[in-house]
Amino acid sequence: MQKRSVLEARGAETIGQQVCLEGWVRTRRDSKGGFSFIELNDGSCLANIQVIADDKLPNYENEIKHLTPGSSIRVVGEVKESQGKGQSTEVQASEVFLYGTADAETYPLQKKRHTFEKLREWAHLRTRSNTFGSVFRVRNRVSFSIHQFFQERGFLYVNTPIITASDCEGAGEMFRVTTLDVDQPPKVNGKVDFSKDFFARPAYLTVSGQLEGEIFATSLGKVYTFGPTFRAENSNTSRHLAEFWMVEPEIAFADLEANMEVAEAFLKRIFTDVMNDCAEDMDFFNDRIEPGILDTLKGIVESEFLRCSYTDAIEILQKSGHEFEYPVSWGMDLQSEHERFLTEQHFKRPVILHDYPRSIKPFYMRCNDDGKTVRAMDVLVPKVGEIIGGSQREERLDVLESRMAEQGLNAQEYWWYLDLRRYGTVPHSGFGLGLERVLQFITGMGNIRDVIPFPRTPGWAEF
């Protein structure tokens, strides 16, 4: 007898084997013929396996006939060819052991449908539902693909700090980390004296590992970070989280064109792996959540991403005759409606926009000779718009110092970042992909809070 997962036991090659399965009851149906049908799931796959338990089992009357959804059991029995529709195998139980009951009156996941909003209140149980089981199996596969892609290309995985003293994006929307008494903080000249704090200076949760990633790229060549990042933006939209995961590669001796090539190959690899290895889950999303998402992903994998400058894109939008909510003008930050028009209606394929106005981009992006634009890029895909943002980094010390002054940054706080330009500076590039954003796109889930295990949003830090 072998311990098997439900996924394994569903395979026709297990027919005739004695197996041990462990999982949670989804449903139980009793027959007048003296046996019960139990639908068992253990999280290894979307579908359940049917277990047939008859009245010859010693605990049939007092336990098996009282199993409720959510109860946990161990089943020992023989895998047989199923006579039922939509399944190749079933298990004839010789033993059913009850681990734990689930009270039928209070167990939240009954057969009736629940809204995703309601399921967020039960985040400790929602992964037992079909939808969220599929979401987190896909999340697992995407995370593995990210590591595979970079490891196979000689990138080193770097763990950058979660606590930082620098603001990479310059937006100021950062969570403060402090051990000071918030009711009576020490003060000097009327202001909080952070020299008395744990780190003897203001410290924050990171919004990005990019700057630290550049340290490693300018000594080890090709690196990537993959970890949690935080943003204290008071936003309750379906696309914002206060805590989310980012993957950020940094590549030495790479210009923007090389950066674009890596970003395109990266997305195609993720989408290909998910469609190949999570086929059952992706069929579920295609049928129940976002009809057509499989065709969208296949289209992206099979297409060549078009390159288009920001300036050309503005001209296309202005001449389109389309009425946008946000009027189009050169120098503006493009909105999702503009990005989606370009990729869905005008080009009808993924687009990489590049060379954005310097006035709307961070200090670290390389300035072009025109004095107006920087070597930035955004990868746009249908249904979402921007899914990857990146740039060639500014490697010239004098230009970088000028950009910092232009944006009101204290260069002394970035002394180590400037040192990278003083000692063997090189052209280098990188980009960032938000894991939850790409998962939202892949699964078609309407709210980003439903693709992360425990969402952190304004007013909500439960579990």
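## Helices α5 and α12

In this predicted model, α5 and α12 are oblique to each other, because their packing angle is about 50°. Their axes lie 12 Å apart. Helix α5 covers residues 256–277, and helix α12 covers residues 435–443. The crossing of the two helices is right-handed.

Which residues of α5 meet α12? From α5 come Leu267, Ile270, Phe271 and Val274. They meet Val438, Phe441 and Ile442 of α12. The residues of this contact are seven nonpolar, no polar and no charged. An α-helix has 3.6 residues a turn, so residues three or four places apart point the same way.

## Cover and end of α12

Is α12 mostly covered or mostly open? Helix α12 is mostly covered, with eight of its nine residues buried. The buried residues are Leu435, Glu436, Val438, Leu439, Gln440, Phe441, Ile442 and Thr443. Val438, Phe441 and Ile442 from this group also take part in the contact with α5.

Gly444 follows α12. Its phi is positive, near 80°.

## The eight-stranded sheet

An open sheet holds eight strands with mixed pairing. Their order is β7-β13-β14-β19-β18-β17-β16-β15. Which strands form the edges? They are β7 (156–157) and β15 (306–309), each of which pairs on one side only.

At the β15 edge, the partner is strand β16, residues 351–357. Four bridges join the two strands, which run parallel. Within this pair, Cys308 stands opposite Leu353 of β16.

Two helices can be placed against this sheet. Helix α5 packs on the sheet and touches β14 (243–252), β15, β16, β17 (373–381), β18 (385–392) and β19 (428–434). The direction of α5 makes about 30° with that of β19. Helix α8 (residues 310–319) also packs on the sheet, touching β15 and β16. The direction of α8 makes about 85° with that of β15.

## Strand β4 and its neighbours

Strand β4 spans residues 49–54. Why does it count as largely enclosed by the rest of the structure? Six of its six residues are buried, so the surrounding structure largely encloses it. In a regular strand the side chains alternate between the two faces of the sheet. In β4, Ile49, Val51 and Ala53 point one way. Gln50, Ile52 and Asp54 point the other way. Both sets are buried.

Strand β4 is joined to β3 and to β6. Strand β3 (residues 35–41) runs antiparallel to β4, and six bridges join them. Glu39 has Gln50 of β4 as its bridge partner. Strand β6 (residues 89–100) runs parallel to β4, with three bridges between them. Here Val51 stands opposite Val91 in β6.

## Two single residues

Glu13 sits in the loop between α1 (6–9) and β2 (18–31). Is Glu13 buried or exposed? Its relative accessibility is 61%, so Glu13 counts as exposed. Glu13 and Ser235 are 222 residues apart in sequence. In space, their C-alpha atoms are 51 Å apart.

Thr457 lies in the segment after α12. Thr457 is buried, because its relative accessible area is 8% and the cut-off for buried is under 20%. What does Thr457 touch, leaving out residues up to four places away in sequence? Its contacts are His240, Leu241, Ala242 and Arg449.

Notes:
Residues are numbered from 1 along each chain as its sequence is written. This is a predicted model: local features need pLDDT of at least 70, side-chain atom pairs count only at pLDDT 80 or more; totals for chains, interfaces and linings use all residues. Side-chain values use heavy atoms; hydrogens and water are left out. Axes are lines fitted to C-alpha atoms, for helices over the stretch in contact, and angles run from 0 to 180 degrees between N-to-C directions. Angles under 35 degrees count as roughly parallel, over 145 as roughly antiparallel, 65 to 115 as roughly perpendicular and the rest as oblique. A crossing is left-handed if the near helix is turned anticlockwise from the far one by less than a right angle, and right-handed if clockwise. Contact means heavy atoms within 4.5 Å. Ala, Val, Leu, Ile, Met, Phe, Trp, Tyr, Cys and Pro count as nonpolar, Asp, Glu, Lys and Arg as charged, and the others, Gly among them, as polar. Buried means under 20% relative accessible area, exposed over 50%, partly exposed in between (1.4 Å probe, protein chains only). Two strands pair if DSSP finds at least two bridges between them.
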